[in-house]
Amino acid sequence: MSKTEVVVYANQDLLAAAAAARLVTRLVDVQAAKGSASLVLTGGGTGIAVLSELRASTARDAIDWSRLDIYWGDERFVPADSDDRNEKQAREALLDHVPLDPKRVHVMAPSDGEFGDDPDAAAAAYAEVLASNAGPEDHGDVPSFDIMLLGLGGEGHTASVFPESPAVYETERSVVAVRNCPKPPPTRISLTLPAIRRARDVWLMTAGEAKADAVALALSGAGEVQLPVAGARGHRRTLWLLDRAAAGKLTKVYQPPTA
Ligand SMILES: O=C1O[C@H](COP(=O)(O)O)[C@@H](O)[C@H](O)[C@H]1O
């Protein structure tokens, strides 16, 4: 049975440092149990801050980076060298500074890559990447990611699934092209909610007062069409990591989880 837990930190810096420490612990535990681990990255201010904290941590050397698969939950469909790319930001913050196996870093194609300016082809290719990395134990065409990191927008988007957009109604495909996003850049590639729910653990990480309404609504049972982040959960555990401002409209007092 899936658990939902909420942990509130005093501010965004503390949240990012604590999330980085949790990542080390969880990835080391998973690698000890299974040999390798998979991690899905998010873009956004908090997501990239967590990667920077992980880079700065000496404990990062406890992770066997060569036995870690890296994926993305969403990507901005822009040229490879654009500062808007989630991949570029993640590489600068962490990935270029740790000994990953390049074959295990699964990027979504940029708009000047092998599929040209065709986000549907790039999305379909990423769905193939996921399918080729899913094993029989995954019972489908998406790996059971060990940890999926996600952020959220004040209007309730997560990954690049925006409220009342075609992507939020998708039930068949694991990855879709997203157009006309209200937040720039307008064209993106995103995992869908059913693919997100294939993750064992989903960590929703956000900071700031602008996210407080979306956080409170998601945790009080809002529908995923109007508030896609409400549909983001792991099949083992959903962990919300918040700063005080983002938690400011929660009515219940959340205690740190014991495990
Ligand atoms: O555009 C995006 O935004 C969200 C949230 O970003 P934030 O800076 O408001 O925290 C992020 O989760 C997503 O990956 C990204 O593409």
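Two strands count as paired here if DSSP finds at least two bridges between them, and that idea runs through the views below, which come from a predicted model.

**View 1. Three strands make an open sheet.** Follow the strands across and you get the order β4-β7-β6, with antiparallel pairing. The edges belong to β4 and β6 (175-178): each has a single partner strand, so one side of each is left without a neighbour in the sheet. On average, neighbouring strands here are turned by 15 degrees against each other, if you ignore direction.

**View 2. Zooming in on β4 and β7.** How many bridges join β4 to strand β7? There are three, and the two strands run antiparallel, with β7 covering residues 188-191. Look for R76, which stands opposite R188 in β7.

**View 3. A helix lies over part of that sheet.** Helix α4, made of residues 119-133, lies across β6 and β7. Compared with β6, helix α4 runs at about 160 degrees.

**View 4. Strand β5 and its two faces.** In a regular strand, side chains take turns between the two faces of the sheet. Here is that pattern in β5 (residues 147-150): I147 and L149 point one way, while M148 and L150 point the other way. Are these four buried or exposed? All of them are buried.

**View 5. Strand β5 with β2 and β8.** Strand β2 (residues 37-41) runs parallel to β5, and two bridges join them. One spot to pick out is L39, whose bridge partner in β5 is I147. Strand β8 (residues 201-206) also pairs with β5 in the parallel sense, this time over four bridges. In that pairing, L149 stands opposite W203 in β8. So two residues you met in the previous view turn up again here: I147 and L149, which point the same way from β5.

**View 6. Around the ligand.** The ligand has 17 residues around it, and T42, G43, G44, G45 and G151 come nearest. Which elements supply at least two residues each to this shell? They are α2 (45-56) and β4 (74-76). Helix α2 gives the most, with three residues. Sorted by type, the shell has eleven polar residues, three nonpolar and three charged.

**View 7. The annotated domain.** The UniProt record, an unreviewed entry, places the feature "domain: Glucosamine/galactosamine-6-phosphate isomerase" at residues 11-240. The end C-alpha atoms of residues 11-240 lie 14 Å apart. As for its make-up, the span is 30% helix and 15% strand.

Key: Residues numbered from 1 in each chain as written. Predicted model: local features only at pLDDT ≥ 70, side-chain atom pairs only at ≥ 80, totals over all residues. Buried ≥ 20, exposed ≤ 12 C-beta atoms within 10 Å, placed from the backbone. Near = placed C-beta within 6 Å. Nonpolar A, V, L, I, M, F, W, Y, C, P; charged D, E, K, R; others polar. UniProt positions renumbered as here; feature names shortened; annotations may be inferred. Axes fitted to C-alpha atoms, helices over the stretch in contact; angles between N-to-C directions. Contact = placed C-beta atoms within 7 Å.
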